[in-house]
Amino acid sequence: AKSEGKGSHRFFESAMDAEAQARRALETDLHDALRNGELALHFQPLFGLSQNRVTAFEALLRWQHPTRGMVSPVNFIPLAEETGLIIPIGEWALHEACRIAATWPDHIRVAVNISPIQFRSPNLTAVVLQALARSGIAPNRLELEITESLFIENVEATLSSLHSLRALGVRVALDDFGTGYSSLSYLRSFPFDKLKIDRSFIVDLLEHKGATAIIRAITTLADALGIETTAEGVEHSEQLDILRAEGCGQIQGYLFSRPIPAQDVEALLGKLDGA
Ligand code: C2E
Ligand code: CA
Ligand code: CA
Ligand code: CA
C-alpha cells in the first residue's frame with residue numbers, strides 16, 4: 001500500500017484522499033500493534049460511595065504508537081471495528097484484564113468493554129470462559145460493559161447471548177446509559193447488574209437543576225430493579241455531592257483518578273481506600 005501510485009495521484013490529492021490515506025496507514029499499523037506489544041490496558045477506579053473504597057477498575061485500551069505517540073481509543077476502536085481487528089484486540093484485552101485482576105485483592109472487580117462487533121462474534125462465551133480459566137479469577141469479579149446499541153436490532157440474539165454469559169457467572173453492565181435510541185423495555189427483559197450513567201448527564205449537573213431530576217429518576221429506577229449505578233466522568237466535588245445525595249452507587253472520573261497503568265494500581269489502592 002505504501003508505494004501505490006503515490007507520485008501520479010499527488011497532484012490531484014484532495015483533503016479527503018489525504019484522510020483516506022492516513023486511515024489506511026493507521027489500519028496497517030493497527031494490524032501490527034497487537035503483535036508488537038504496542039497495546040496496553042490502563043485502569044480507572046470505580047469508587048463505591050457506601051463502601052467508601054475502590055470496588056472495581058475499568059480496563060481502557062491504550063495504543064503506544066512507535067511514531068505517532070499515544071493514539072486514543074476514540075480514534076482506533078472504530079477502525080478496529082470496521083476492519084474486524086476488534087475481535088483479536090478485544091480477546092487480548094479480556095485475557096490481559098483478567099490476568100492483571102488476578103494480582104489484585106479478591107474484593108476488587110475488573111470491568112472490560114465489549115464492542116458490539118465482538119459481542120456478536122459466535123465464540124465470545126468461549127473466550128470469556130477461557131480468560132476466566134487461565135487467570136483463575138472468580139467469574140463474579142469480571143464485569144462486561146456493553147452498550148444500548150446492541151438492542152437496536154436482533155434483540156432476541158442479544159438477550160440469548162447475555163443469558164449465556166450470565167450463566168458463566170460474570171456480571172453485565174450497561175455502558176453510556178441514557179445515550180442510546182432504544183426503549184427502557186430491555187431493562188425488564190434482562191437483569192443487568194449495573195447501569196453506567198453517561199458522562200453527559202454528569203456534566204449537566206453543573207449547569208441546570210433538571211439534571212438532578214434525571215439522576216434521581218435513574219437511581220430510583222435502578223434501585224427498584226435491584227441494579228447498581230455508576231456515574232461516569234465525575235470531575236468536580238459539586239457533582240459528587242449531588243450523586244451521593246441521590247444515592248448513586250459508584251463514582252468514576254478524574255475527581256478520584258484518571259486511568260492509570262497496571263503497575264500503579266497497588267499504590268492507588270493504598271491512597272484512595274478509606275479516603
Ligand atoms: P467508555 O467505555 O465510556 O470509557 C470512559 C471514557 O471516559 C474513557 O476514555 C475514560 O478515560 C474517560 N473518562 C473517565 N473519567 C473521565 C472524566 O472525569 N472526564 C472525562 N472527560 N473523561 C473521563 P478513553 O479511555 O479515551 O476511552 C474511550 C472509549 O473507547 C471508551 O469509552 C470505550 O468506548 C472505548 N474503549 C476503551 N477501551 C476499550 C476496550 O478495551 N474495548 C472496547 N471495545 N472499547 C474500548
Ligand atoms: Ca466503558
Ligand atoms: Ca461509558
Ligand atoms: Ca462513553
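**Exercise 1. Decide whether Thr-229 is buried or exposed in this predicted model, and find what surrounds it.**

Solution.
Step 1. Take the relative accessible area of Thr-229: 4%. The cut-off for buried is under 20%. Thr-229 is therefore buried.
Step 2. Place the residue in the fold. Thr-229 sits in strand E8, which covers residues 228-231.
Step 3. List its contacts, leaving aside neighbours within four places in sequence. Thr-229 touches Leu-195, Ile-197, Thr-219, Ala-222, Gly-247, Cys-248, Gly-249 and Gln-250.
Step 4. Look at the side chain. A polar atom of the Thr-229 side chain lies 3.1 Å from the backbone nitrogen of Gly-249.

**Exercise 2. Identify which residues coordinate the calcium ion (ligand 2), and state what the pair Asn-113 and Glu-145 ties together.**

Solution.
Step 1. Collect the donors. They are Glu-58 (OE), Asn-113 (OD1), Glu-145 (OE) and Asp-175 (OD), at 2.1 to 2.3 Å.
Step 2. Read their spacing along the chain: E-x54-N-x31-E-x29-D.
Step 3. Locate the pair. Asn-113 belongs to strand E4 (residues 109-113) and Glu-145 to strand E5 (residues 142-147), so the pair ties together parts 32 residues apart in sequence.
Step 4. Check accessibility. Asn-113, at 30%, is partly exposed. Glu-145, at 1%, is buried.

**Exercise 3. Find the donors of the calcium ion (ligand 3), and name the residue that coordinates both this ion and the calcium ion (ligand 2).**

Solution.
Step 1. List the protein donors of ligand 3. Asp-175 (OD) and Asp-176 (OD) contribute, and Glu-232 (OE) appears twice. These donors lie 2.0 to 2.8 Å from the ion.
Step 2. Read the spacing: D-D-x55-E.
Step 3. Look for the bridge. Asp-175 coordinates both calcium ions, which are 3.8 Å apart.
Step 4. Compare the two aspartates. Asp-175 has a relative accessible area of 7% and is buried. Asp-176, at 27%, is partly exposed.

**Exercise 4. Describe the largest pocket: its volume, its central residues and the classes in its lining.**

Solution.
Step 1. Give the volume, about 1,100 Å³.
Step 2. Find the centre. Of the 37 lining residues, Glu-58, Leu-60, Pro-73, Asn-113 and Asp-175 are the closest to it.
Step 3. Sort the lining by class. There are 17 nonpolar, ten polar and ten charged residues.
Step 4. Link the pocket to the metal site. Glu-58, Asn-113 and Asp-175, among the residues closest to the pocket centre, are also donors of the calcium ion (ligand 2).

Notes. Residues are numbered from 1 along each chain as its sequence is written. Chains are lettered from A and ligands numbered from 1 in the order in which they are written. This is a predicted model: local features need pLDDT of at least 70, side-chain atom pairs count only at pLDDT 80 or more; totals for chains, interfaces and linings use all residues. Side-chain values use heavy atoms; hydrogens and water are left out. Helices (H or I, at least four residues) and strands (E, at least two) are DSSP runs, numbered from the N terminus. Buried means under 20% relative accessible area, exposed over 50%, partly exposed in between (1.4 Å probe, protein chains only). A polar contact is a pair of N or O atoms within 3.5 Å; within protein, one must be able to donate a hydrogen and the other to accept it, and residues adjacent in sequence count only if both atoms are side-chain atoms. Contact means heavy atoms within 4.5 Å. On a 1 Å grid over the protein atoms alone, a cavity is a set of points where a 1.4 Å probe fits but cannot get out, and a pocket is an open set with protein on both sides within 12 Å along at least five of seven lines; lining residues have an atom within 4 Å of a point. Grid points are joined across faces, edges and corners, and a volume is the space filled by probe spheres set on the points. Ala, Val, Leu, Ile, Met, Phe, Trp, Tyr, Cys and Pro count as nonpolar, Asp, Glu, Lys and Arg as charged, and the others, Gly among them, as polar. Donors are N, O and S atoms within 2.8 Å of the metal (3.2 Å for Na, K and Ca); water is not among the atoms, so sites may look incomplete.
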